[in-house]
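Colleague: I would like a close look at the disulfide question in this model. Please set it against the chain as a whole, and then go through the local details that you can support.

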Amino acid sequence: MKAANWLTHIEHDWKTPIWGACFDEIARRRTFVRSDERGCGLSDWKVEDLSLSAFVEDLEAVVDGMDPGRFPLPGISQGAAVCIEYAARDSDRVSGLVLLGAYASG
């Protein structure tokens, strides 16, 4: 499970030199679930609520739909704040946080 972050597109990211090889490697040995953040990529672009709480609720919806049990949660950039808040709300499901270029708020 990867928290969404700004300027993503689930179809195009696999082809980029920045994320493609990384995502391929992660997905080689495990199920790798990701989604586009609201307002980005294939998600609805016409949204009014761009709050941290809304992003966490989106992640909760993806997790609930997958029901993966315990899982590590990577968060990049603003996705890290979403991971931190999600883990604080539901620590029993998160086995670890992997934060890159992260900040807790701001």
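Modeller: I start with the ground rules and the whole chain, then turn to the cysteines and a few single residues.

The model is predicted, so local features need pLDDT of at least 70 and side-chain atom pairs count only at pLDDT 80 or more, while totals for chains, interfaces and linings use all residues. Residues are numbered from 1 along each chain as its sequence is written, and side-chain values use heavy atoms, with hydrogens and water left out.

The protein chain has three helices and two strands, where a helix is a DSSP run of H or I of at least four residues and a strand is a run of E of at least two, numbered from the N terminus. Their order along the sequence is α-α-β-α-β. The radius of gyration is 13 Å, close to the 13 Å that the globule rule gives for 106 residues, so the protein chain is as compact as a globular protein of that length. That radius is taken over C-alpha atoms, and the rule is 2.2 Å times the number of residues to the power 0.38. The C-alpha trace spans about 30 × 30 × 25 Å along its principal axes.

Of the 106 residues, 33% count as buried (under 20% relative accessible area; exposed is over 50%, partly exposed in between, with a 1.4 Å probe and protein chains only). Among contacts (heavy atoms within 4.5 Å) between residues at least 6 apart in sequence, 59% join residues at least 24 apart.

Now the disulfides. A disulfide is a pair of cysteine sulfur atoms within 2.5 Å, and by this rule the count is zero. For Cys 22, the closest cysteine sulfur is that of Cys 83, 14 Å away, which is too far for a bond. Cys 40 also has Cys 83 as the residue with the closest cysteine sulfur; the distance is 15 Å, again too far for a bond. As for their surroundings, Cys 22 is partly exposed at a relative accessible area of 35%, whereas Cys 40 is buried at 6%.

Elsewhere, Ile 10 lies in the segment before helix H1 (20-29) and is partly exposed at 28% relative accessibility. Leaving aside residues up to four places away in sequence, Ile 10 touches Arg 34, Ser 35, Asp 36 and Leu 42. Phe 71 is 61 residues from Ile 10 in sequence, and the two are 20 Å apart, C-alpha to C-alpha. Within helix H1 sits Asp 24, partly exposed at 41%. Asp 24 and Trp 14 are ten residues apart in sequence, with 7.6 Å between their C-alpha atoms.

Two residues have a backbone angle to check. Asp 67 is not a glycine but has a positive phi of about 50 degrees. Its place is the loop between helix H2 (52-66) and strand E1 (71-76), and Asp 67 is exposed, with a relative accessible area of 57%. Ser 77 also has a positive phi, near 55 degrees, without being a glycine. Ser 77 is in the loop between E1 and helix H3 (78-89) and is partly exposed at 30%.

To return to your question, the count of disulfides is zero under the distance rule.
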